[in-house]
Amino acid sequence: MPSNTIVCLLPVRNGDADLPGYFASVARFADAVVALDDGSTDGTRQLLVANPLVKGVLENPVRTTYAGWDDAANRNRLLEAAAQLEPVWIMSLDADERIPADDAAVLREFVETDAIPGLAYGFKVHRMWRDETQFDRSGLWVYRLFAFQPGQRFPDKRLHFTPVPTSIPREGWVRTTIRIQHLAGATEERRQARFEKYRQSDPNNEFQHSYRELLDA
């Protein structure tokens, strides 16, 4: 297989606490990461530059809040930059997400054997509780994996869109048995921080009617 069979896209802001665990997870299945530092005020950029798995780092100007966060623009920049690595498959995994080791092995085998270009593949998300060994909720499906083709673009919706190229129709989205662990709701502190992120980035609830459920314990 080519050297960059799987390239991960990573948009991140103020993620220095999450990045060590993120890289440990991604190293199990990916060949490279293309990252975008979305205006961090902590040590995120230094961690991205220092990690050998990261083959490119894009940057946005430093800002003190999440106001103006444009997730679509960030992810489309990452997808365009990933083309330089000639990837076979693109995977989107955020800094507060993990793929457990057994599932990572399955994912790698899947793209090398049975995965079909032209489809997008979905993963079951589990909200972790306190750490990476316990979860309290599952049920959300996210679609994150697809075969790369030049000229692909994600939807232009600023927030809350699925990072699947617009060229892949909805009937081409297929579920897998692979799981994603989501750490953003693991503690009360993290839930509050996530709520505040969306309060700043979507103050008029243009993209979601409410974010109060993010505070649920």
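## Exercises on a predicted fold

Of the contacts in the protein with a separation of 6 or more (a contact means heavy atoms within 4.5 Å), 69% are between residues 24 or more positions apart. This is a predicted model, in which local features need pLDDT of at least 70, side-chain atom pairs count only at pLDDT 80 or more, and totals for chains, interfaces and linings use all residues. Residues are numbered from 1 along each chain as its sequence is written, and side-chain values use heavy atoms, with hydrogens and water left out.

**Exercise 1.** Work out how many helices and strands the protein has, and in which pattern they follow each other.

*Solution.* Start with the terms: helices (H or I, at least four residues) and strands (E, at least two) are DSSP runs, numbered from the N terminus. Counting these gives five helices and eight strands. Next, read along the sequence, and the pattern is β-α-β-α-β-α-β-β-α-β-β-β-α. Then turn to the overall size: the radius of gyration, taken over C-alpha atoms, is 16 Å, close to the 17 Å from the globule rule (2.2 Å times the number of residues to the power 0.38) for 217 residues, so the protein is as compact as a globular protein of that length. Finally, the C-alpha atoms fill a box of roughly 45 × 35 × 35 Å along the principal axes.

**Exercise 2.** Find the order of the strands in the open sheet, and say which strands are at the edges.

*Solution.* First, recall that two strands pair if DSSP finds at least two bridges between them. Following the pairs gives an open sheet of eight strands in the order β3-β2-β1-β4-β7-β6-β8-β5, with mixed pairing. The edge strands, β3 (54–60) and β5 (97–98), each pair on one side only.

Now look at each edge in turn. Strand β2 (residues 32–38) runs parallel to β3, joined by six bridges, and L36 is opposite L58 in β3. At the other edge, β5 runs antiparallel to β8 (residues 173–182) with two bridges; here E97 has H182 of β8 as its bridge partner. One step inwards, seven bridges join β6 (residues 120–128) to β8 in parallel, with K124 opposite R179.

**Exercise 3.** What share of the residues is buried, and how many charged side chains of each sign are there?

*Solution.* Buried means under 20% relative accessible area (1.4 Å probe, protein chains only), and 50% of the 217 residues qualify. For charge, count Lys and Arg as positive and Asp and Glu as negative, leaving out His and the chain ends. The tally is 26 positive and 31 negative side chains.

Definitions and conventions
The place of a charge is taken as NZ of Lys, CZ of Arg, CG of Asp or CD of Glu.
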